[in-house]
Amino acid sequence: TCVFRSRLDLNLSQSQVAKIINVQTDTITNWELKRNSPSIKYIPKIISFLGYTPKFDENELKRYRIQKD
């Protein structure tokens, strides 16, 4: 998973990442082993941990809206 790779790249333990994301260590373990997926409420903290900045193509969004209507 992205969390797993980033954790290893940053040389962090599961408990360190758990504190950053504000979850239990077992939660990180379960995500890494794909036993379950993160709840949507954790996505912003995971994105922040990964250092990811979503970029949206406004034209693509407009095309999507047109197709949906």
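**Exercise 1. Find what follows α2 in the backbone.**
Which residue just after α2 takes a positive phi, and about what value does the phi have?

*Solution.* In this predicted model, the residue to look at is N22, which sits just after α2 and has a positive phi of about 70°. The helix that precedes N22 spans residues 14-21, and the exercises below stay mostly with this helix and its surroundings.

**Exercise 2. Place α2 within the chain.**
State how many helices and strands the chain has, and in what pattern they follow one another.

*Solution.* Begin by counting the elements: the chain contains five helices and zero strands. Reading along the sequence then gives the pattern α-α-α-α-α. As for how the 69 residues of the chain are covered, buried residues make up 17% of them.

**Exercise 3. Work out which side of α2 is buried.**
Identify the buried residues of α2, and decide how they are arranged around the helix axis.

*Solution.* The first step is to list the buried residues of α2, which are V17, A18 and I21. The second step is to consider their directions from the axis: they cover an arc of only 105°, and therefore they lie on the same side of α2. The third step is to ask what they pack against, and here the partners are α1 (2-9), α3 and α4.

**Exercise 4. Describe how α2 meets α3.**
Determine the orientation of α2 relative to α3, and name the residues through which the two helices meet.

*Solution.* Start from the geometry: the two helices pack at an angle of about 105°, and their axes are 8 Å apart. Because angles from 65 to 115 degrees count as roughly perpendicular, α2 is roughly perpendicular to α3. Turning to the residues, α2 contributes Q14, S15, V17, A18 and I21, which meet T25, I28, T29, W31 and E32 of α3.

**Exercise 5. Assemble the core.**
Which residues form the largest nonpolar core, and which element gives the largest share of it?

*Solution.* The largest nonpolar core has nine residues, namely V3, V17, A18, I21, V23, I28, W31, I46 and F49. Sorting them by element shows that two or more residues come from each of α2, α3 (25-32) and α4 (43-50), while the largest share, three residues, is given by α2. To follow one member of the core, take V23, which touches A18, I28, W31 and Y42 when residues up to four places away in sequence are not counted. As background, nonpolar side chains tend to be buried together in soluble globular proteins.

Technical notes: Residues are numbered from 1 along each chain as its sequence is written. This is a predicted model: local features need pLDDT of at least 70, side-chain atom pairs count only at pLDDT 80 or more; totals for chains, interfaces and linings use all residues. Side-chain values use heavy atoms; hydrogens and water are left out. A nonpolar core is a set of buried Ala, Val, Leu, Ile, Met, Phe, Trp, Tyr and Cys residues joined through side-chain atoms within 4.5 Å. Buried means under 20% relative accessible area, exposed over 50%, partly exposed in between (1.4 Å probe, protein chains only). Helices (H or I, at least four residues) and strands (E, at least two) are DSSP runs, numbered from the N terminus. Contact means heavy atoms within 4.5 Å. The arc is that of the directions from the helix axis to the C-beta atoms. Axes are lines fitted to C-alpha atoms, for helices over the stretch in contact, and angles run from 0 to 180 degrees between N-to-C directions. Angles under 35 degrees count as roughly parallel, over 145 as roughly antiparallel, 65 to 115 as roughly perpendicular and the rest as oblique.
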